[in-house]
Amino acid sequence: MIATNLSERTVTKFAETETERVPLLAQLDVDGTVTVMRTFAAHARAELDDGPDPEPEQDHLHFSSMLDDTFRLDGTLTGNNAKTVEAGLDACLPPLVEGEPVAPASQRYAEALVEMARRALQNVPVPARRSVDVTVLIDWADYVNG
């Protein structure tokens, strides 16, 4: 919640008083922290008075087909969208088993993304399929002779 409310311009101002502010913020709930940080960011921007913050980066995602049935996933999510996907991935992370080697985080997140997609597909109604017409051809002599 702290970093979400800071921009490249205001993070320097926050760093000047970070050691005093963080222990106070730690005592607040999420809503209180958000309120304090929004207020801080507004005051910091006013104090800097060097124009508006640049436009934030827009969400985007690329899912590109590569060779050998492989895909590349790359993108950026911001704000609540990033937090929602992070929470979904965390909920789908495979459990750690004591005594077994831990896979790299990137591999565990890839597995979690696949699990998240599986769960989403389980909740999607399957479209009605049209019936299939099958024509069977048999030689007349075989039909007559049984």
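The largest nonpolar core of this predicted model is made up of 6 residues, namely Leu 6, Phe 14, Leu 25, Met 37, Phe 40 and Ala 44, where a nonpolar core is a set of buried Ala, Val, Leu, Ile, Met, Phe, Trp, Tyr and Cys residues joined through side-chain atoms within 4.5 Å. Helix 3 gives the largest share of this core, 3 residues. Buried here stands for a relative accessible area under 20%, exposed for one over 50%, and partly exposed for what lies in between, with a 1.4 Å probe and protein chains only. Because this is a predicted model, local features need pLDDT of at least 70 and side-chain atom pairs count only at pLDDT 80 or more, while totals for chains, interfaces and linings use all residues. Residues are numbered from 1 along each chain as its sequence is written, and side-chain values use heavy atoms, with hydrogens and water left out.

Seen as a whole, the protein chain has 6 helices and 2 strands, and along the sequence these follow the pattern α-α-α-β-β-α-α-α. Helices (H or I, at least four residues) and strands (E, at least two) are DSSP runs, numbered from the N terminus. Of the 146 residues of the protein chain, 14% count as buried. Among the contacts in the protein chain with a separation of 6 or more, 44% join residues 24 or more positions apart, a contact being heavy atoms within 4.5 Å.

Helix 3, which spans residues 30-48, also holds Ala 41. With a relative accessible area of 3%, Ala 41 is buried. The C-alpha atoms of Ala 41 and Arg 9 are 9.4 Å apart in space, although 32 residues separate the two in sequence.

From helix 3 the account moves on to the strands. Strand 1, residues 60-65, and strand 2, residues 71-76, run antiparallel and are joined by 6 bridges; two strands pair if DSSP finds at least two bridges between them. His 60 has Thr 76 in strand 2 as its bridge partner, and Ser 65 stands opposite Phe 71 in strand 2. Strand 1 is hardly covered, since the count of buried residues among its 6 residues is 0. In a regular strand the side chains alternate between the two faces of the sheet.

Within strand 2, Arg 72 offers a local view of the pairing. Arg 72 counts as exposed, at 52% relative accessibility. Once its neighbours within four places in sequence are left aside, Arg 72 is in contact with His 62, Phe 63, Ser 64 and Met 66. For one of these, His 62, the C-alpha to C-alpha distance from Arg 72 is 7.6 Å, with the two positions 10 residues apart in sequence counted as their separation.

The hairpin of strand 1 and strand 2 has 5 residues between the strands, and Asp 68 there takes a positive phi near 55°. Most residues other than glycine have a negative phi, and most peptide bonds are trans. Asp 68, placed in the loop between strand 1 and strand 2, is exposed, with a relative accessible area of 74%. Asp 69 lies in the loop between strand 1 and strand 2 as well, and has a positive phi of about 60° although it is not a glycine. Asp 69 is likewise exposed, with a relative accessible area of 73%.

Beyond the strands, the axes of helix 4 (residues 79-92) and helix 5 (residues 105-122) come within 8 Å and cross at roughly 95°, the axes being lines fitted to C-alpha atoms over the stretch in contact, with angles running from 0 to 180 degrees between N-to-C directions. Helix 4 and helix 5 are therefore roughly perpendicular to each other, since angles of 65 to 115 degrees count as roughly perpendicular, those under 35 as roughly parallel, those over 145 as roughly antiparallel and the rest as oblique. On the side of helix 4, Val 85, Gly 88, Leu 89, Asp 90, Ala 91 and Cys 92 meet Tyr 109, Ala 112, Leu 113, Glu 115, Met 116 and Arg 119 in helix 5. By class, this contact has 8 nonpolar, 1 polar and 3 charged residues, with Ala, Val, Leu, Ile, Met, Phe, Trp, Tyr, Cys and Pro counted as nonpolar, Asp, Glu, Lys and Arg as charged, and the others, Gly among them, as polar.

Val 85 in helix 4 is partly exposed, with a relative accessible area of 29%. Leaving aside its neighbours within four places in sequence, Val 85 is in contact with Leu 77 and Met 116. The C-alpha atoms of Val 85 and Met 116 are separated by 9.5 Å, the two residues being 31 residues apart along the chain.
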